[in-house]
Amino acid sequence: MYQAEKVFPEAPVSMHGELKVPGDKSISHRSVMFGSLAEGLTEVSGFLNSADCRSTISCFRALGIPIDLDEEKDRVLIHGRGLNGLREADQTLDTGNSGTTTRMISGILAGQNFESHLNGDASIQNRPMKRIMEPLQEMGARITSDRGNDCAPLTIRPSHLKGITYHTKVASAQVKSCILLAGLYADGETTVIEPALSRDHTERMLSAFGAKVIREPEKHKATIFSHPKLSGQKIAVPADISSAAYFLAAGLILPDSEITLKDVNINPTRAGILDVIQKMNGNFSIENKRLVSGEEVADLTVRSTSLQGCRIEGDLIPRLIDEIPVIAVMAAFAEGDTLIKDAAELRVKESDRIQSISENLQAMGADLEERPDGMLIHGGKALHGTSIQTHMDHRIAMAFTIAGLAAEGAVNLDQPSCVNISYPTFYEEVESLID
Ligand code: S3P
């Protein structure tokens with residue numbers, strides 16, 4: 001754990017080697033949630049033991065589910081008690097910094113016959129919850145924002161839910177998953193139709209646990225049938241492409257570098273960064289493609305390349321939403337312009353990421369125009385080290401660590417320990433690959 005400022009070597013450096021980054025965050029959260037609602041034992045290997053996923057574990061423990069976390073082996077055992085096996089928590093459930101925990105658990109709690117109170121850290125208390133409150137209320141849920149500002153803290157009271165068909169305004173897997181999970185407890189079937197397809201781990205995993213889910217990806221649509229019997233599963237969590245992204249970028253923009261990332265989840269709803277690397281003419285290869293626990297997995301190799309700018313917009317955005325901070329860094333080192341648009345969602349992530357990316361890249365000397373829904377980056381300007389404001393946002397800290405390695409002079413981060421949210425071993429692994 002890094003408490004103080006983190007300063008990396010005077011750049012530019014090269015990186016070589018092979019790495020398996022930690023387990024996928026989205027799948028780790030879901031393994032605990034669905035395992036808790038299933039009957040019998042769910043055994044998870046490759047679990048992401050990070051602050052966000054521990055928030056999910058502590059919430060389900062507070063709801064009466066025995067969960068064993070073997071920290072050394074990244075293995076979790078969840079002793080599920082079935083769809084109606086949760087019990088009222090003694091205190092407010094603490095979701096920490098995790099939007100995924102907050103939004104998804106709300107869908108589950110809306111279907112319980114007891115009252116729940118939810119809250120998280122300062123960032124969570126500013127993130128929009130209206131997007132889940134509206135559909136849940138349409139299903140009959142009694143969910144309220146305690147301060148009346150459509151943010152956490154939230155109170156959820158018992159109610160009778162009915163299935164609905166809901167058109168979401170934003171492509172968000174957290175919102176989609178929240179509604180589908182409430183649908184487990186509703187009368188009839190529940191359908192979610194999105195403006196663009198968001199990550200589909202909930203649909204894949206709930207099917208594997210025994211729920212009846214109809215997926216129509218070409219229509220951005222998913223339907224769930226209520227009151228299934230869910231059974232405990234064995235889940236091998238693949239490596240997280242959102243964590244691999246920092247090393248994909250490093251291998252491409254650092255001179256004389258070559259990095260292989262092992263066992264990376266390349267689920268098509270998550271792998272938009274690979275499309276961008278291709279558009280930027282990046283030198284990369286995908287090998288050893290296979291299926292693990294219902295998810296496509298592969299080994300990815302990147303090599304130093306003089307990248308070209310490109311356009312990133314439309315349906316591609318939800319497929320790479322968490323990778324945009326490091327993609328913006330790649331764009332700053334590319335020749336020509338990169339336009340990122342249709343990405344206004346970035347303004348309501350752990351920080352306002354359009355602003356956090358823009359201010360920090362500009363502080364390093366990049367030529368960039370901030371837009372309401374993205375940014376235009378005029379690539380190829382020489383970047384220099386400076387002090388980075390992370391806004392306690394893990395993805396900003398990691399993206400600018402990579403930027404610092406490729407720039408002249410050192411970058412230092414104000415709150416380096418925020419990487420613990422998704423990637424506690426990030427700095428050690430960066431150091432292990434530097435030549
Ligand atoms: C996640 C969905 C995304 C993503 C987040 C994890 C998930 O959020 O940004 O890090 O696990 O469902 P949105 O669904 O709100 O876009």
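**Around the ligand and beyond**

Modeller: An oxygen atom of the ligand is placed 2.9 Å from a side-chain N or O atom of Ser172. Keep in mind that this is a predicted model.

Biologist: What makes the Ser172 pair a polar contact?

Modeller: The cut-off for two N or O atoms is 3.5 Å. The distance at Ser172 is 2.9 Å, which is within 3.5 Å, so the pair counts as a polar contact.

Biologist: How far from an oxygen atom of the ligand is the polar side-chain atom of Ser26?

Modeller: For Ser26 the distance is 2.7 Å, so this pair also passes the 3.5 Å test. Gln174 makes its approach with a backbone N or O atom, 2.9 Å from a ligand oxygen. As for cover, the ligand has 380 Å² of accessible area on its own, and the protein covers 95% of that.

Biologist: Which residues surround the ligand?

Modeller: Among them are Lys25, Arg30, Thr100, Arg103, Arg199, Asp322 and Lys349. Each of these counts as near because at least one heavy atom lies within 4 Å of the ligand.

Biologist: Now to the pockets. What is the volume of the largest pocket, and how many residues line it?

Modeller: The largest pocket has about 500 Å³. Its lining has 33 residues, and those nearest the centre are Ala171, Ser172, Ile321, Glu345 and Lys349. Helices α1 (25–37), α3 (99–109) and α5 (173–183) each give two or more residues to that lining, and α1 provides the largest share, with three.

Biologist: How does the lining of the largest pocket divide by class?

Modeller: There are 15 charged residues, nine polar and nine nonpolar. The second largest pocket has about 290 Å³ of space, and 14 residues line it, including Asn49, Arg54 and Pro424 close to its centre. That second lining has five nonpolar, five polar and four charged residues.

Biologist: Why is a space called a cavity rather than a pocket?

Modeller: A pocket is open, whereas a cavity is a space where a 1.4 Å probe fits but cannot get out. The structure holds four cavities of 30 Å³ or more, and the largest cavity has about 50 Å³.

Biologist: How do you know the classes of the residues that line the largest cavity?

Modeller: Leu and Pro count as nonpolar, so Leu197 and Pro217 go in that class. Asp, Glu, Lys and Arg count as charged, so Asp200, Glu203, Arg215, Glu216 and Lys221 go there. The result is two nonpolar, no polar and five charged residues.

Biologist: Why is His220 called buried?

Modeller: The limit for buried is under 20% relative accessible area. His220 is at 18%, so His220 counts as buried. Its place is the loop between β12 (213–216) and β13 (221–225).

Biologist: What is the phi value of His220?

Modeller: Phi of His220 is near 55°, a positive value in a residue other than glycine. Asp263 also has a positive phi, about 55°, and is not a glycine. Asp263 belongs to strand β15, residues 258–265.

Biologist: Last one: what kind of peptide bond joins Ala152 and Pro153?

Modeller: Ala152 and Pro153 are joined by a cis peptide bond, with omega about 5°. You can find Pro153 in the loop between β8 (142–145) and β9 (154–157).

Note on methods: Residues are numbered from 1 along each chain as its sequence is written. This is a predicted model: local features need pLDDT of at least 70, side-chain atom pairs count only at pLDDT 80 or more; totals for chains, interfaces and linings use all residues. Side-chain values use heavy atoms; hydrogens and water are left out. On a 1 Å grid over the protein atoms alone, a cavity is a set of points where a 1.4 Å probe fits but cannot get out, and a pocket is an open set with protein on both sides within 12 Å along at least five of seven lines; lining residues have an atom within 4 Å of a point. Grid points are joined across faces, edges and corners, and a volume is the space filled by probe spheres set on the points. Helices (H or I, at least four residues) and strands (E, at least two) are DSSP runs, numbered from the N terminus. Buried means under 20% relative accessible area, exposed over 50%, partly exposed in between (1.4 Å probe, protein chains only). A polar contact is a pair of N or O atoms within 3.5 Å; within protein, one must be able to donate a hydrogen and the other to accept it, and residues adjacent in sequence count only if both atoms are side-chain atoms. Accessible areas come from the Shrake-Rupley method with a 1.4 Å probe; for residues, only the protein chains shown count as cover.
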